[in-house]
Amino acid sequence: MSFERILNPDNKLSRHSLFAPYIDKVEVRDASTVVFRMKKPLGSFLNHLSHIAGAIISPASLKKFGKDIARNPVGTGPFMFKEWVSGDHVTLVKHAGYWGEKAKLDELVMRPIPEGSARLLALETGEVDLVYPVPVTDIERLKKSSDLEVVVGPTNRVIFIGIKTTKKPYDDVRVRQALNYAVDKKALADKILMGYARVADSPVAPLTTGYSKTYSYDFNPEKAKQLLREAGIVPGTKIDLWTPQGRYPMDRQVAEVIQSNLTAVGFEVNLQRWEWAAYNKELRAKEKSNYGLYLLGSLPSTNDVNQALYNHFYTGLADNFYLYSNPTADKLLLEAQAEPNAGKRKALFDQVQKLITDEAPRIFLFSVDQAIGIRKGVKGVRIWPIELITFETADKVQ
Amino acid sequence: MVRYVLQRLLLVVPTLLGVSLVVFLMVHLIPGDPVTAIIGEGATEQDIAAMRSRLGLDAPLHLQYVRFFGNVVRGDFGKSLRTGRTVMDELRVRWPTTLRLTIYSVAAMILIGVPAGILSATRANSWLDNSSMLIALFGVSMPVFWLGLMLMMLFAYYLPLLPTAGSATWKHFVLPALTLGLSNSALIARLTRSSMLEVIGQDYIRTARAKGLAEKFVVYKHALRNALLPVITVVGLQFGALLGGAVLIETVFSVNGIGRYMVQSIGFRDYPVVQSSVLIFSLSFVLINLLIDLSYAVVDPRIRYR
């Protein structure tokens with residue numbers, strides 16, 4: 001029923017496209033076996049099933065609550081939903097009848113505290129036991145506290161500057177490569193992200209299933225200038241760099257440094273800061289919009305290389321704001337996606353990652369870490385690279 | 001008086017019509033829409049179109065307005081595009097919190113501002129007057145969110161007397177109310193002072209003193225009452241403005257009030273929430289203004305409405 005619901009186009013669910021292009025129908029064979037009849041092979045299907053949108057929902061609750069199911073969730077985990085006071089808190093309680101290992105915590109209350117300083121103060125005074133996220137600028141300070149612990153872990157989120165490859169001067173691969181050589185990514189990772197980022201050596205983050213290390217463009221302004229000369233770009237060429245504000249860790253600050261890096265190799269860079277909804281609309285307008293270079297983050301929520309690459313680099317697809325189109329990449333992506341053998345699939349995706357790195361439709365920057373702050377005594381909280389925090393093994397020791 | 005009140009209430013209808021049209025146009029003209037605010041990575045054009053259709057955003061703009069206003073007249077303020085709950089349910093959760101914060105803040109504002117103004121006026125040009133006005137200047141000059149964070153550091157961290165964030169108990173309201181009260185009391189203090197000074201210079205005050213009345217009767221019974229009219233106006237306007245939600249303070253202290261909710265809704269382009277909230281806020285502002293005007297007649301018997 002959970003999958004019939006998401007596959008039904010009349011329900012207009014936002015993750016319909018994660019399953020509908022691939023699943024033809026779902027059959028129940030017996031009490032513990034379900035068969036997915038596929039329209040076409042999908043090597044990363046198990047990753048799609050492990051996505052939050054693939055979670056099983058109680059059929060009784062779907063019948064009872066219908067479209068209000070999101071406010072009254074009933075799933076299959078070790079906690080039960082108790083209440084949701086809009087804008088104030090969500091409370092979960094231990095599910096005593098859970099089929100697996102029972103949760104150690106009796107109750108979990110989650111509250112939004114939007115102001116970063118107030119959130120950290122609430123942790124430091126003991127009003128709350130855990131906060132997320134901890135800004136990179138506060139991690140070292142919190143680590144010095146004897147009452148607190150900061151748990152830092154990598155994510156599979158990559159931050160990059162997207163390049164509209166159909167717009168001059170970016171339609172020349174030498175220019176795109178020059179942009180990569182012009183940016184000091186290590187300085188950005190070390191000084192702006194305070195060391196809580198890894199310089200990109202691939203279009204995807206290392207923890208993404210199917211990641212392949214290609215190479216990083218080292219910081220080489222002279223090489224950048226040489227490539228720009230070869231491409232016929234004159235010093236003083238005006239370009240625009242767009243960035244959101246507060247959407248990603250230190251996004252605006254990163255863009256400001258990149259502005260100065262690109263200025264140093266001869267561009268005149270106009271930096272525009274955007275509010276998120278307007279920014280997203282402009283990017284989705286693609287050809288109709290005037291963007292050229294834009295800061296963006298990407299996190300494949302299935303944690304699979306197919307999702308990280310296919311929607312971004314296949315001709316004409318959703319997240320392909322670069323307007324990148326390469327028949328070789330398209331062919332490789334389709335082959336890789338449908339390949340059931342894991343080894344062959346990896347080899348195909350390795351080729352795609354190398355091709356994308358060479359073609360540079362992005363200024364590849366870094367993958368970022370995430371940090372939670374917890375009171376000493378709180379144990380077993382799990383943080384996942386897809387920016388999820390789970391509490392199935394969490395406990396609070398007094 | 002009754003005719004005056006009815007005339008004012010009738011004016012509410014065209015006022016709200018105008019407000020609804022202006023806010024509808026403004027919020028639809030902002031770049032971005034609810035779909036682009038909410039939709040995540042990997043969303044196809046079909047996903048976006050499906051979401052737009054589900055949210056009723058594919059209808060022509062004028063039809064969307066007619067539908068919205070028609071529903072409002074029937075008491076249906078629509079559903080949040082983000083949560084699917086009715087706007088009234090969302091506001092019902094937050095309204096008591098904002099009302100509580102407003103009342104406490106206005107009380108703090110009056111309790112700090114009016115005595116400071118009286119003290120300054122009765123000891124004009126003394127060190128008390130100068131100190132009081134300097135503190136008032138400091139209060140009005142400081143960014144309110146900075147003041148809030150500083151008070152939080154002092155009373156929640158260094159002297160752990162009060163909580164940092166939330167709105168569960170009365171203690172959670174002390175710091176936000178004190179912040180807003182301090183910040184807004186500056187205006188009240190200065191206004192009270194200047195209004196009192198003007199009244200104290202009047203002949204009838206000299207007469208009252210000449211009659212031998214004790215100074216406290218002169219100040220509180222005669223001078224203050226006559227000096228209060230402009231102060232009531234400003235307090236009333238501040239009350240009305242705070243009812244719309246003090247968004248910075250609600251964000252700093254995580255108070256689940258209307259102000260923060262409205263700003264979040266603008267960010268999400270949650271059209272029904274923004275449109276309906278502004279309408280409700282406008283209505284309450286108009287009614288508060290009416291109450292302020294009517295209160296003049298109580299404070300000053302010379303004022304009568306026909």
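# Exercises on a predicted two-chain model

Leaving aside neighbours within four places in sequence, Ile161(A) touches Ile258(A), Leu293(A), Tyr294(A), Leu295(A), Arg362(A), Ile363(A) and Leu365(A). Keep that residue in mind as you work through this predicted model.

**Exercise 1. Find which residues have the most contacts inside the largest nonpolar core, and which helix gives the core its largest share.**

Solution.
- Step 1: Start with the core itself, which holds 151 residues.
- Step 2: Look for the residues with the most contacts inside the core: Ile161(A), Leu193(A), Tyr294(A), Leu309(A), Leu333(A), Val352(A) and Leu365(A).
- Step 3: Return to the contacts of Ile161(A), where you will find Tyr294(A) and Leu365(A).
- Step 4: Now turn to chain B, whose helix α9 (residues 171–200) provides the largest share of this core, 12 residues.
- Step 5: Apart from this core there is another one, of five residues, including Leu13(A), Leu18(A), Phe19(A) and Ile23(A).

**Exercise 2. Describe how helices α6 and α11 of chain B pack together.**

Solution.
- Step 1: Locate the two helices of chain B: α6 covers residues 87–122 and α11 covers residues 215–243.
- Step 2: Take the geometry: the angle is about 145°, and the axes are 10 Å apart. The crossing of α6(B) and α11(B) is right-handed.
- Step 3: Pick out the touching residues. Among them are Thr98(B), Met109(B) and Ile118(B) on α6(B), and Val219(B), Leu224(B) and Phe239(B) on α11(B).
- Step 4: Sort the residues of this contact by class: 12 are nonpolar, five are polar and none is charged.

**Exercise 3. Work out what chain A brings to its contact with chain B.**

Solution.
- Step 1: Count both sides: 35 residues of chain A are in contact with 39 residues of chain B.
- Step 2: Find the helices of chain A that each supply at least two residues to its side: α4 (116–124), α10 (276–284) and α11 (305–313).
- Step 3: Look for the largest share of that side, which is six residues and comes from α10(A).
- Step 4: Sort the side of chain A by class, and you get 12 nonpolar, 11 polar and 12 charged residues.

**Exercise 4. Compare the two domains of chain A and describe where they touch.**

Solution.
- Step 1: Mark the bounds on chain A: domain 1 is 1–74 and domain 2 is 155–369.
- Step 2: Take the distance between the C-alpha centres of these two domains, which is 33 Å.
- Step 3: Count the residues in the contact: eight come from domain 1 of chain A and 11 from domain 2 of chain A.
- Step 4: Sort the domain 1 side of this contact by class: two nonpolar, five polar and one charged.

**Exercise 5. Decide whether Ile292(B) is buried, partly exposed or exposed, and place this residue in chain B.**

Solution.
- Step 1: Begin with the whole chain. Chain B has 14 helices and zero strands, and buried residues make up 39% of its 306 residues.
- Step 2: Find Ile292(B) in helix α14 (residues 271–299) of chain B.
- Step 3: Count its surroundings: Ile292(B) has 18 other C-beta atoms within 10 Å.
- Step 4: Apply the cut-offs: buried needs 20 or more, and exposed means 12 or fewer. Ile292(B) is therefore partly exposed, because its count is 18.
- Step 5: Leaving aside neighbours within four places in sequence, Ile292(B) is in contact with Ile232(B), Thr233(B) and Gly236(B).
- Step 6: Finish with a distance: the C-alpha atoms of Ile292(B) and Val234(B) are 9.5 Å apart, while the two residues are 58 residues apart along the chain.

Terms used
Residues are numbered from 1 along each chain as its sequence is written. Chains are lettered from A and ligands numbered from 1 in the order in which they are written. This is a predicted model: local features need pLDDT of at least 70, side-chain atom pairs count only at pLDDT 80 or more; totals for chains, interfaces and linings use all residues. A nonpolar core is a set of buried Ala, Val, Leu, Ile, Met, Phe, Trp, Tyr and Cys residues joined through C-beta atoms within 7 Å. Helices (H or I, at least four residues) and strands (E, at least two) are DSSP runs, numbered from the N terminus. Two residues are in contact if their C-beta atoms, placed from the backbone, lie within 7 Å. Axes are lines fitted to C-alpha atoms, for helices over the stretch in contact, and angles run from 0 to 180 degrees between N-to-C directions. A crossing is left-handed if the near helix is turned anticlockwise from the far one by less than a right angle, and right-handed if clockwise. Ala, Val, Leu, Ile, Met, Phe, Trp, Tyr, Cys and Pro count as nonpolar, Asp, Glu, Lys and Arg as charged, and the others, Gly among them, as polar. Domain bounds come from an automatic or database domain assignment.
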